[in-house]
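Trainee: I've got the model open and I'd like to learn how to read its features. Can you walk me through it?

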Amino acid sequence: MAELVTLIIPAGGSGDRLGAKIPKALVQLGGVTLIERAVNALSEVADHIIVAAPQGYEDQFSSLLADSAVVVTGGASRNESVKAALAYVNESSKFVLVHDAARPLASADLARRIIKELLNGERAVIPGLKVADTIKKVSLDGYVKKTPNRAKLRAIQTPQGFTRKALIQAHEQKFDFEITDDAGLLEELGIPVKVILGEEAAMKITTPADMSRALNILLGDARDIRVGIGTDAHAFSSDPSRPMWLAGLLWQDVIGVDGHSDGDVAAHAICDALLAASQSGDLGAIFGTSDPKYAGASGVMLLDEVKKIVVAKGYAISNVSVQIVGNKPKIGTRRVEATNALSAALGGVPVSVSATTTDGLGFTGEGKGISAIATALLIKA
Ligand code: CTP
Ligand code: MG
């Protein structure tokens, strides 16, 4: 687009209704502040970005946003904040978008649709959604004055787009009543304001409940997370030449365990946790203890096979945790090595390995064998 677009983000509010102890724009949604999300979401359509920060927070905003935006001091009301930012808009900008920091998930596509209308000659373009509730105009003493036809009502969002000239002219007016958006100011001048279809994601965060709704929109399908659990146990072998494989490592000086495979209880427990989380059955059902193909199979090889099953079902492995229960071998000195071996077998996913003894109780405490318990978290990819 040849015409220059400046994006103004009023972020000077305190967020009283959200009730965080910091300004609303600095509150994090999914680990990222609202102001960073708002800037990042629309930066691709803007040549310049000006953010109005709450007084006293300018430096904090500047260091968060670095080179992506100019930070100015906001005012006592949203209108004052927009006006403060407007003073910094360069004359080379033909269009100005005004977008609330409180709407961190609005899409660049929505902004592009606004700009397209401006390029077609509109002076003011705003997004709106049909309303679900019946809306009534009510008198100060609580009586209904009027019920507008719902089909003609729209809930208005941002970004709102204007020609720079029209927006400046609109902000020169003075009113003794509150106008809560910029389009309202242009309406007072009699400038036609075009409403285009808004989007769910451009919702405004006002209350704590809005934060959960926004998180749902943000995470979308990533909300499809699955947890699984798996355990395994083997007895120490009476054959002193039996090698001990555990957590993908060979442990010299420790006699191994009996079993059809290499007897790696940590790897097997993880396999079962992964299979459980993806509803794929369990090790015995899939690999069968009678199948000669898996005689002596290494735990690492089974992990690789299971990972393929899970991935084929459309899951990504988020993380895996395993706890080894037994008197020997002592895991502590090789914990990093064990973690790395299991992680590598799963293609590099985060793995944690812990170990415990059982205070002399049970078959592990009596030194008869070793067991492991694991959990796995999967995310639908
Ligand atoms: N805003 C602003 N300057 C103000 C007040 C509000 O720039 N003096 C901005 C807010 O930061 C927000 C947008 O205007 O991005 C919409 O305002 P609102 O959702 O009401 O936010 P707050 O005023 O922060 O919240 P509250 O009214 O609950 O205190
Ligand atoms: Mg407010």
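Trainee: Let's start inside: which residues does L274 touch, leaving out those up to four places away in sequence?

Mentor: A contact means heavy atoms within 4.5 Å. By that test, and not counting residues up to four places away in sequence, L274 touches V306, V310, I317, V320, L346, A376 and L378. Before we go on, keep in mind that this is a predicted model, where local features need pLDDT of at least 70, side-chain atom pairs count only at pLDDT 80 or more, and totals for chains, interfaces and linings use all residues. Side-chain values use heavy atoms, with hydrogens and water left out, residues are numbered from 1 along each chain as its sequence is written, and chains are lettered from A and ligands numbered from 1 in the order in which they are written.

Trainee: How do I get from contacts to a core?

Mentor: In soluble globular proteins, nonpolar side chains tend to be buried together. A nonpolar core is a set of buried Ala, Val, Leu, Ile, Met, Phe, Trp, Tyr and Cys residues joined through side-chain atoms within 4.5 Å. Buried means under 20% relative accessible area, exposed means over 50%, and partly exposed is in between (1.4 Å probe, protein chains only). Here the largest nonpolar core has 45 residues, and L246, I270, L274, L342 and L346 have the most contacts inside it. Helix α8 (residues 265-277) gives the largest share of this core, 10 residues. Another core, of 33 residues, lies apart from it, with L7, L26, L65 and V125 among its members.

Trainee: So how many residues of α8 are buried?

Mentor: Helices (H or I, at least four residues) and strands (E, at least two) are DSSP runs, numbered from the N terminus. In α8, 12 of the 13 residues are buried, so call it mostly covered. Among the buried ones are V265, H268, C271, D272 and A277. For length, the expected span of a helix is 1.5 Å times one less than its number of residues. α8 reaches 18 Å from its first C-alpha to its last, close to the 18 Å expected.

Trainee: Where are the buried residues on α7, and what covers them?

Mentor: α7 (residues 208-219) has 12 residues and reaches 17 Å, close to the 16 Å expected. Its D210, M211 and A214 are buried. They sit on the same side of α7, because they cover an arc of only 105° around the axis (the arc is that of the directions from the helix axis to the C-beta atoms). The cover over the buried residues of α7 includes β2 (28-29). After α7 comes G220, with a positive phi near 50°.

Trainee: Which residues have a positive phi without being a glycine?

Mentor: Two to look at are A247, with a phi of about 55°, and D253, with about 70°. A247 is in the loop between β14 (244-246) and β15 (249-251), and at 0% relative accessibility it counts as buried. D253 is in the loop between β15 and α8 and is exposed, at 84% relative accessible area.

Trainee: Where should I look for cis peptide bonds?

Mentor: Check omega. One cis bond joins T158 and P159, with omega about 10°; P159 is in the loop between β10 and β11 (160-163). Another joins K328 and P329, with omega about -5°, and P329 lies in the loop between β16 (315-325) and α11 (335-345).

Trainee: Is K24 buried or exposed?

Mentor: Buried, with a relative accessible area of 13%. K24 is in the loop between β1 (4-10) and β2, and its contacts beyond four places in sequence include G13, S14, L34, A102 and I205. K152, on the other hand, is exposed at 69%, in the loop between β9 (144-146) and β10 (154-156).

Trainee: And why is the whole chain described as more spread out than a compact globule?

Mentor: The radius of gyration is taken over C-alpha atoms, and the globule rule is 2.2 Å times the number of residues to the power 0.38. The chain has a radius of gyration of 30 Å, well over the 21 Å the rule gives for 381 residues, so it is more spread out than a compact globule. Its C-alpha atoms fill a box of roughly 95 × 45 × 45 Å along the principal axes. The chain has 12 helices and 18 strands, and 46% of its residues count as buried.
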